[in-house]
Structure formats: C-alpha cells, structure tokens
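Me: I am new to this structure and would like to learn how to read it. Could you walk me through a few features, one by one?

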Amino acid sequence: MIKLYDTGAYLVHGKDLIPDDGQAEAKLRGEDLNTTREEAGKATMAYNILNSHNTSGDMANLKIKFDKMTSHDITFVGIIQTARASGLKEFPIPYVLTNCHNSLCAVGGTINEDDHMFGLSCAKKYGGIYVPPHQAVIHQYAREMLAECGAMILGSDSHTRYGALGTMAIGEGGGELAKQLLGKTYDVAKPDVVAIYLDGEVAKGVGPQDVALAIIGATFKNGYVKNKVMEFVGPGVDALSADFRIGIDVMTTETTCLSSIWKTDEKVKEWYDIHGRSDAYKEMNPGDVAYYDGVCYVDLSKIKPMIAMPFHPSNVYTIEELNANLSDILHDVEEKGRKQLSGDVEFKLSDKIRNGRLYVEQGIIAGCAGGGYENICAAADILRGQFIGSDEFTLSVYPASTPIMMQLAKNGTVADLIETGAIVKTAFCGPCFGAGDTPGNGALSIRHSTRNFPNREGSKIQNGQIASVALMDARSIAATAANKGFLTPATDLDIEYTGPTYFFDQKIYANRVYNGFGNPKPEEEIKFGPNIKDWPEMPALTEHLLLKMASVIMDPVTTTDELIPSGETSSFRSNPIGLAEFTLSRRDPLYVGRAKAVHEIEIEREKGEHLCHINDEIHDIVKTFKEKFPDVKGSDVGVGSTIFAIKPGDGSAREQAASCQKVLGGWANIAKEYATKRYRSNLINWGMLPFVISEDVSFDVDDYIFIPNIKDALKNKDEIIKAYIVNKDMKEIELRLGELTDDERTIIDKGCLINYYRD
C-alpha cells in the first residue's frame, strides 16, 4: 500500500523512479540524461516556487515574501494588534479575514460579533478583504478565490494547504503573518523535498480521507516528512479529481510537513475555469530529471477505507481490520488513551460493541477536509432513500462554503440529506476544534474533519467529561449512517455515484465580501469591543535568567491543544490576559497558579526590590548560585517560569500556545525536540528561548534553573549554554538553542516581536 524509500531518488520524465543507491547517475547516463544530484534538486516544483519567492539571494537560507495571506476570527485580532503595535500602516498584500471559527454565540469572553466588526473595520482601514460569518471556511475561500499556480500563501491556521491547486501554502503562528504585514520576510532554511508518488487508481467507495490517513499513518511517527515539502507526482495523480486531491492535500499538515505542492493538469485547469479564474492556472510539473530527498510510494489501488482512532490522526487502521479485531484493537486504544489522559477521566470504548459490531453515536462531515462538493454528493448517493434512525446516532453535514451549499440546494442534494434525518448546516469550522456538535459524555463521534486530539470534539476533561473522535472519510461515514450508527466501510455497499456537475455562483461573494485591497481608508476608526485588549508590555531579556519549572510533561508528544485549549476558549482569543488563564488547563490545571506566583517575583524585582529580599525561597536559591557566581547582581537576573515537554507543539499553528506562557511570565521552553517549526517560531516571536536538551535530565515541578550570561550566549551564538539546576547544590546541565537567524536572536533579546519592530 505505502512504501518509504531509505534513500533519495531521481524522478525521470515524471513517472520513473531511480533510487539514489550509488548506481543512479550511471543509469541516468545510460539514458543520455547527464545531471547531478544538485542540478536535479533544482528541477522540483517546490524548489522553483521557493526560488521565485526568495529575497535572500541564498537558497540555503530563505527569506520568503508571500503573495497573499489569510486568517480567521480567532487569529486575526491578535495578528493585527501585533502589527498595529509595531507600526502597521496598510496591508501590503491581499489579506483575507474570514469568520468561520467564532461564528456561533460566545461562551464567556468576547461577543464574537465584536471580533467580526473589528476585522471589518480593519479591512476598511488597512485595505483588506473581509468574509462575513457562514460564507466560507477559511481554506475553502482561499481555494476558490486566492489560490494560483506557482503562488505562495501564508495562513494563520495549520491546515493552510493549497498544493493541489498549484499553490505552496504554509500555516504559521500569527507572528509570522505580522512580519509579512510589516514588509518583512519568512525566514527558513531550505527544506528537503519528498516525492509522494501516487500510482494506480482508488477503488469505488474509497475517498480522499482514506488516502490521507494511510499516508499520515506511514509518515508521522517516524518524522519522514517533518518540516519538509511533500511534492505529489506520479501517474496516480492523473486519475484523481481536483476535489479529491484537495481532500488529501489539506491533511498533509498532520504529517508535520512544512508545505505541499502537486503537479497540475486539465482537471486543475477546469477547477479554475469553473471558479471564473482561468488566468490563475498554469501547467506545473517537475523537470525531466528531478531529485527528491525521499519518496513515499503510494499504491492507490490498495488503499482501503481507513479510520484514525483516538487520539491522533496517525493512529490508523483499516475499517476492515478494526471490525475483524474489534475487542483487541479497542482494548489497545483504551490503554494508550488512558496513559495520554493521565487517568483524569474514565476513557472507554469497549462499551461501544453491540452484538459484535462497533456502534458510534455521531457522524459529522465538515470543514476544509470533509465539506467539499464531491464528498457531500458521494455521501448523499449512499444515503439517498435511507434513514439514519431514531436512536442516539446523529449526522451533521457542513458544506465548506455558501457557493457549495447553493449548488447542493439547486441539485437537490440538501433535500436528499435532510430527508434521511441528517442536519445540513452553514460553513463553520467548529466541529474541528471543539466548538460545535459536542457529543455526550463517553460518546464516540466519526468525523471527516482534520483532527481527533482530546477535546477537539468539545468535551471537558477538567470537568470529568470525555468524548472521543475517530476520523473517517465522508463515504464511510455515510455508509455507517445508512446502517444507523454501526461502523461500515463504504466499499461494503454497491453504490452508483452520480458525480453531479458543479457550478460556482460568483455573485454570492461579489455581493457579500468586502474587498478593500489597494484602497485603504486611514481615516476609518477601528471598532473595539470591550474585551478586545492590547498586548501587555513584554520585558526584554536580562543578563542572566532564573527559571522556575512550572510544569513537566512527559508525554511523547504534546499538542498545542494541550498547551492552550481550543473550543470554549475561542471567545477569549482577543484578550491576551483573559486567555492566559486557560494555559495548560487541560493538561496541568495548576500551571497558571505556579506561573503567576513566579511572575509576581519578577514584578517585585522590576520595581527595584532586592532579589534576596522577595522571599525566603528565592533568598536561598540566590545564595546558592552566588557561591559559584559571586559577581552576578540580583538586578541583572530576570525571574520567570518555564515548562519541560518531550516534544511540544504538534497540531495547530495558534500562536497563543506560546504567547499565553509569555503573558504569564514565561521565558523559555525546554524540550527534547519541537514537534513543528511553527511552534518553535511562535516561541521565538514571543521572546521565549526554545531550549533543547539532549541529556536525560529528570526535572521536577518547582525546580529552579539558573542560566548565567544568557544574553551574551545568545549574542555570541554559543552552541552549548551551561545552566544549573539549583536546589541545595548546583547540578550543571547543557542547553542548546539550535539554529537561529540574527533577527530571531534580536527578537528574543528585545523580549518579543512587538518590541523588536517598535525599537
């Protein structure tokens, strides 16, 4: 089904793979193809797009300027506030503000419409594009109206992926978007490029989510494509519709890759033609001989309907395998889940077995992954004439945009779905991050959406409530719905898929979307709701640091959802201090109190209080480290909190995972490695030190870590930074910061991105 190459490989004429096994160049010469690995590496689509957007003149160290940007309503407020504080005058490139996350009523925090009116007023003032609530989810609007072959788009959402339409798109934290708004660049080392070689054709009933989950299962845990570009090539691409490719592409985020790009053809041209943007299309292919740093070979004909069990998209099985080994697999999932949940709630799935079959309580087809036209039409073909039943099972369908909803209404699909007992709703991302269709306690939901981390369905572990999500394709969700909640792969049903033609109604956006790009109105007043707050002042780095360990997380991977929860916190995203109260609340509820207590020490120190006099504990710690460093002055020692996690930052791009720690007085993270580039970038942009430690050190909550001369170490680019765990004695440890650009070092030194630009 899927094979990962141990070496790089050459792709010849877009179809033949030659592994880089020492004989490759001889084989190429035998075919009169004289090239080197370096030259062939320049023949990938990814290289050429990056090269055309790089401003550094050095392809090893990229400084990218994007063509367009996009954000939604739980990120754009913070981004614009950051840029405003840093001197923003107008949006230099098209910047789209969609309203697809905080579309429902607020639960605490900001009245969501306040955020929307803030966005509209900023679009007017700075020359932006504003998409009202329920019109489209962020990524569907970007596909329909922003994507262009050969372009680059930056989005403040991790699933910013438009590679199937020939656009290299990257999801990052808000700080990176603020940089672009201020005319600066996205700085990154040139990424490796991995070929995702598709071969064969999918079986009837197999959908894009099935292919995506199979690829995620093969590549996530081993980091095969981590921070790399996935380039989709091979004859298997040709047989897939544009919608099908999009459904695979959006899920590449879950592999932890940096971005994705696909070859384009007549099917992609037809997509642009349908959407009235024919000029945005051009044919894209790798060169005659292209070199890839790795290959993921996918035989599409062998892909079966898949399911990603709780609590990660990489926890994949075929539905056939799950049904055949139900008790054993559920037991294994329960054991892993209990460890991940740390015993905070009772997690059980074995009670879902009814008469030897798995019963689920909810099905959802939604968002940027599931809400596409072809997915919903295929689901309707399966369900037409059926009824989902009158038991616990429910089915909700969210078309990804109003134009899709309009066409589904015109061709009768909406009526067909409603007749089955399904509920058809407006474009909304809520089911993907825990703000819509929350199942009951203990329930299992199957979803064609992007993630199934704990709480992504809206349950509240800290309050004793746990539901869980399994990811599946819309087709198999519909097959399960037709069987009234009993897990069923779509391939078990003999269905004729009608494939109705799609017509895009341009008037829907023309009549409702505010497009002010190129026409800023500086006189426009920004509308602030009472809970939209400015960023608090962030202190600059001090000569020395004294960090107190406020949380220790020993899970193999820590998601951004655990660092700052999604769902019910969304309406606090415009209030940095209010949102910070939720930091680590689902993973370590005592963290906030610990971090605040440390921050109070720093506040007293900044007021001029002698460090030794603040409290007895600090007095003893200072006394201990001054025995080794007698010349260190207390006034030069900043006091802050830190956390240790094995591998933090998987999942969402949300910058608040870092900024909330900073607001609470955080100065650093210490990790074995960082799950994604974007989380590490978020730390840096908020002035936090992204420490990595290679040695096995057992940290405890409330440990103090003294880092002498950190300011000089940062400036001098020291590879190893000596630090000390301070109790009654001093235990030396070695920390590293890894590669940092000069700008990134300055940002940390200044205390955050806002200070950097303000100064």
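**Strands, a helix and cysteines**

Reply: Let's start with two strands: β32 and β33 (residues 721–726) run antiparallel and are joined by three bridges. Strands here are DSSP runs of E, at least two residues long, and helices are runs of H or I with at least four, numbered from the N terminus. Two strands pair if DSSP finds at least two bridges between them. Before we go on, this is a predicted model, where local features need pLDDT of at least 70 and side-chain atom pairs count only at pLDDT 80 or more, while totals for chains, interfaces and linings use all residues. Residues are numbered from 1 along each chain as its sequence is written, and side-chain values use heavy atoms, leaving out hydrogens and water.

Me: Which residue stands opposite Tyr-704 in β33?
Reply: Val-726 does.

Me: What is the strand order in the open sheet of seven strands?
Reply: The order is β31-β30-β28-β26-β32-β33-β34, and the pairing is mixed. At the edges stand β31 (689–692) and β34 (730–735); each has a single partner strand, so one side of each lacks a neighbour in the sheet.

Me: How do I read strand β15 (residues 294–299)?
Reply: In general, side chains of a regular strand alternate between the two faces of the sheet. "Buried" means under 20% relative accessible area, exposed over 50%, and partly exposed in between (1.4 Å probe, protein chains only). Five of the six residues of β15 are buried, so the strand is largely enclosed by the rest of the structure. Strand β1 (residues 2–4) pairs with β15 in the antiparallel sense over three bridges, with Ile-2 bridging to Val-298. Strand β11 (residues 193–199) runs parallel to β15, joined by six bridges, and Ala-195 stands opposite Val-295.

Me: What span should helix α22 (residues 591–606) have?
Reply: The expected span is 1.5 Å times one less than the number of residues. For the 16 residues of α22 that gives 22 Å, and the end C-alpha atoms are 23 Å apart, which agrees. Buried residues of α22 include Tyr-591, Ala-595 and Arg-605. After α22 comes Gly-608, with a positive phi near 110°.

Me: How many disulfides are there?
Reply: A disulfide is a covalent bond between the sulfur atoms of two cysteines. The rule used is a pair of cysteine sulfur atoms within 2.5 Å, and the count comes to zero. The sulfur of Cys-100 has its closest cysteine sulfur in Cys-429, at 3.6 Å, too far for a bond. Cys-432 is in no disulfide either, with the nearest cysteine sulfur, that of Cys-368, 5.8 Å away.
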